[in-house]
Amino acid sequence: MKRSPKLSLALALVSAFVLLSISSCGNKRFELEGRTYGVQCYWTGGPNDFSPKVTFNVDGTVSHRDDSTSSITGNWSSSEQTVTWTLDNPPKNTRFRGTFDKKRMDGNVEDDLGATAIFQGLIE
């Protein structure tokens, strides 16, 4: 029994579509909105390292809570797998920039007083 070329082409196209659909399910972009990360920050000059909980709110604001403060707020944005956020904590006004995925994030910190740090964190 011989298949017609049109039937073979149709089966090939359907198979390719199914395979592409299945493989694209695992490549969904991970969003930070509404997620909380436990972050550890290590200042270059030490010894005031801290470990805040950082929540990326849906409205573009960030909530930053650690042992020494009740909460500091700021703003965040992301593009692809890069996130930036700033904290409104004068006179420091701290800025974070790093990369993230669905499990972790890491990057650099700097403030208006010239201090620098690195950070790493895990999703909670």
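Start at Gly114: in the hairpin of strand 7 and strand 8, with five residues between the strands, Gly114 takes a positive phi near 95 degrees. Strands here are DSSP runs of E with at least two residues, helices are runs of H or I with at least four residues, and both are numbered from the N terminus. You are looking at a predicted model, in which local features need pLDDT of at least 70, side-chain atom pairs count only at pLDDT 80 or more, and totals for chains, interfaces and linings use all residues. Residues are numbered from 1 along each chain as its sequence is written, and side-chain values use heavy atoms, leaving out hydrogens and water.

Stay with this hairpin and select Glu110, whose bridge partner in strand 8 is Thr116. Strand 7 and strand 8 run antiparallel and are joined by seven bridges; pairing requires at least two bridges found by DSSP between two strands.

Next, step back to strand 6 (residues 95–100), which is joined to strand 7 (residues 104–110) by six bridges, again antiparallel. This pair forms a hairpin too, with three residues between the strands. Pick Arg97 and you can follow its bridge to Asn108 in strand 7.

Now select Thr94, in the loop between strand 5 (82–87) and strand 6. Is Thr94 buried or exposed? Thr94 is buried, with a relative accessible area of 4%; buried means under 20%, exposed over 50% and partly exposed in between, using a 1.4 Å probe and protein chains only. Show its neighbours as sticks: leaving aside residues up to four places away in sequence, Thr94 touches Trp43, Trp85, Thr86, Leu87, Asn89, Val109, Glu110 and Asp111. A contact here has heavy atoms within 4.5 Å. Glu110, from the earlier stop, is thus on this list.

Where does strand 8 lead on its other side? Colour strand 1 (residues 35–43) and strand 8 (residues 116–123): seven bridges join them, and they run antiparallel. Gly38 has Leu122 as its bridge partner in strand 8.

Zoom out to see the whole ring. Eight strands make a closed barrel in the order 1-2-3-4-5-6-7-8, with antiparallel pairing. From one strand to the next, the twist averages 30 degrees, taken between N-to-C directions of lines fitted to C-alpha atoms, on a scale from 0 to 180 degrees.

Finally, show the full chain: one helix and eight strands, running α-β-β-β-β-β-β-β-β from the N terminus on. Of the 124 residues, 29% are buried.
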